[in-house]
Amino acid sequence: MIILGIETSCDETAAAVVDGGRVLSNIVHSQISDHAPYGGVVPEIASRQHVQYLPGILSESLARAGTDLAGLDGIAVTAGPGLAGALLAGISAAKTLAIATGLPLIAVHHLEGHLASIFLGPTAPDPDVACPLLVLLVSGGHTGLIHVQQPGRQRWLGRTLDDAAGEALDKGATLMGLGYPGGPAIEAAAEGGDPQRFSFPRGRVKTAPPSTGDALDPDLCFSFSGLKTSLRYFLRDHPNAKKHAATLRDVAAAYQEAVVDALCERISIALERASYAGLACVGGVARNGRLRARLDEAARRAGIPLWLTEPEFCTDNAAMIAAVAGAGLGHPVSDLAELDARPSWPLPEHACRNSAAGLSSRDRAEIGVDGWRGNCG
Ligand code: KG4
Ligand code: ZN
């Protein structure tokens with residue numbers, strides 16, 4: 001199955017061609033420099049940039065894969081969650097291509113894409129052996145722990161009540177004057193710093209946020225908004241901290257450590273509460289070296305393998321979107337007119353599967369799924 005994937009949910013314009021688990025091309029145009037002056041993603045700029053860049057990115061992804069539209073078996077597009085206008089840019093392109101070629105169109109949940117990134121690349125594990133997996137999903141828009149029983153059968157164990165980990169790093173970097181995106185900026189600024197010199201809160205949670213599936217465990221949930229506030233007060237009370245290079249290095253290291261510590265503390269609890277065949281981490285923050293080192297320690301302590309997504313597939317990309325469709329885990333669109341952007345589409349959990357691969361027609365009838373119209377978002 002050769003699938004063209006399209007991803008435009010935030011500030012990366014991306015297209016990729018994937019054949020089974022093999023990535024034939026993976027083109028990402030990052031809009032970072034367009035948003036950097038504002039310290040975060042400006043939705044209107046993101047939508048316009050997608051419209052401008054997508055045609056070229058699509059052509060390049062086909063050319064690099066050594067194919068053309070006639071060589072494809074399907075088109076996959078991120079339908080949500082994400083910025084409405086940004087999603088619409090990708091969806092419109094995907095619909096146009098599907099109409100022009102007659103190829104099937106498959107809607108993909110962005111977070112299911114991040115989960116699929118675990119299985120991309122030459123060193124990726126075999127899903128049948130690697131699962132059940134405890135997955136830490138850490139991106140700019142989402143943070144949580146997910147139990148993946150097998151690809152396509154997942155449920156939230158805990159998630160953030162407020163800011164995502166990446167958002168906490170982005171906002172923290174802005175406060176420290178380190179630029180955007182904040183994750184890599186803080187990682188670079190923290191190099192050689194002392195993470196113990198200052199202390200920032202780890203955001204423990206007493207009441208879990210509402211869930212669309214099973215009730216979430218507060219011990220496995222996160223809160224990062226207090227961290228950012230505590231940094232704001234720290235910088236107000238230490239007005240010279242930003243001017244003094246060594247102090248700023250220690251502040252950045254301590255702030256990064258607070259984020260990483262909060263994530264790893266919840267992972268240790270989750271690993272004590274259930275038995276997993278492996279630990280994995282996906283999303284843009286999974287590129288962070290300190291987090292990767294701490295995850296390695298956690299997996300070693302639990303005696304299970306750690307599957308780290310390759311850096312290229314951690315941040316938003318279209319290979320992961322095509323991979324979901326290629327594995328039969330996307331949401332086939334039976335009526336193109338029905339497909340719309342779903343900015344707040346919840347992660348489809350356990351029984352909510354309507355993939356072509358996983359369910360018989362009887363199963364589909366039983367849980368009331370029929371292509372896009374009936375899916376469980
Ligand atoms: O997954 P992603 O590309 O987009 C979303 O789906 O949100 O993640 C973007 C986030 C940003 O918050 C960025 O600061 C963070 O990933 N990030 C990092 C690193 N590289 C990107 N955070 C920490 N360390 C990094 N090296
Ligand atoms: Zn993402």
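## Exercises on the largest pocket and ligand 1

In this predicted model, about 1,100 Å³ of space lies in the largest pocket.

**Exercise 1.** Describe the lining of the largest pocket by its central residues, its contributing elements and its residue classes.

*Solution.* Begin with the elements: those that give two or more residues to the lining are α4, β8 (153-159), α6 and α7, and α6 gives the most, with 5 residues. Next, take the residues themselves, of which 47 line the pocket, with Cys10, Ser139, Gly140, Gly141 and Asp170 lying nearest its centre. Finally, sort the lining by class, which yields 18 nonpolar, 20 polar and 9 charged residues.

**Exercise 2.** Locate ligand 1 and characterise the shell of residues around it.

*Solution.* Ligand 1 sits in the largest pocket. Around ligand 1 there are 21 residues, and those that come nearest are Gly140, Asp170, Gly183, Glu187 and Gly284. Turning to the elements, α4 (110-116), α6 (165-176) and α7 (182-190) each supply at least two residues of this shell, the largest share, 4 residues, coming from α7. By class, the shell divides into 5 nonpolar, 12 polar and 4 charged residues.

**Exercise 3.** Identify which N or O atoms of histidine 110, glycine 141 and glycine 284 approach oxygen atoms of ligand 1, and state how much of ligand 1 the protein buries.

*Solution.* With a cut-off of 3.5 Å for a polar contact, consider the side chain of histidine 110, where an N or O atom is 3.4 Å from an oxygen atom of ligand 1. Then consider the backbone, where an N or O atom of glycine 141 lies 3.2 Å from a ligand oxygen atom, and one of glycine 284 lies 3.0 Å from a ligand oxygen atom. As the last step, ligand 1 taken alone exposes 560 Å², and the protein buries 90% of that area.

Key: Residues are numbered from 1 along each chain as its sequence is written. Chains are lettered from A and ligands numbered from 1 in the order in which they are written. This is a predicted model: local features need pLDDT of at least 70, side-chain atom pairs count only at pLDDT 80 or more; totals for chains, interfaces and linings use all residues. Side-chain values use heavy atoms; hydrogens and water are left out. A residue is near a molecule or strand if one of its heavy atoms lies within 4 Å of it. A polar contact is a pair of N or O atoms within 3.5 Å; within protein, one must be able to donate a hydrogen and the other to accept it, and residues adjacent in sequence count only if both atoms are side-chain atoms. Accessible areas come from the Shrake-Rupley method with a 1.4 Å probe; for residues, only the protein chains shown count as cover. On a 1 Å grid over the protein atoms alone, a cavity is a set of points where a 1.4 Å probe fits but cannot get out, and a pocket is an open set with protein on both sides within 12 Å along at least five of seven lines; lining residues have an atom within 4 Å of a point. A molecule sits in a cavity or pocket if more than half of its atoms lie within 2 Å of its grid points. Ala, Val, Leu, Ile, Met, Phe, Trp, Tyr, Cys and Pro count as nonpolar, Asp, Glu, Lys and Arg as charged, and the others, Gly among them, as polar. Grid points are joined across faces, edges and corners, and a volume is the space filled by probe spheres set on the points.
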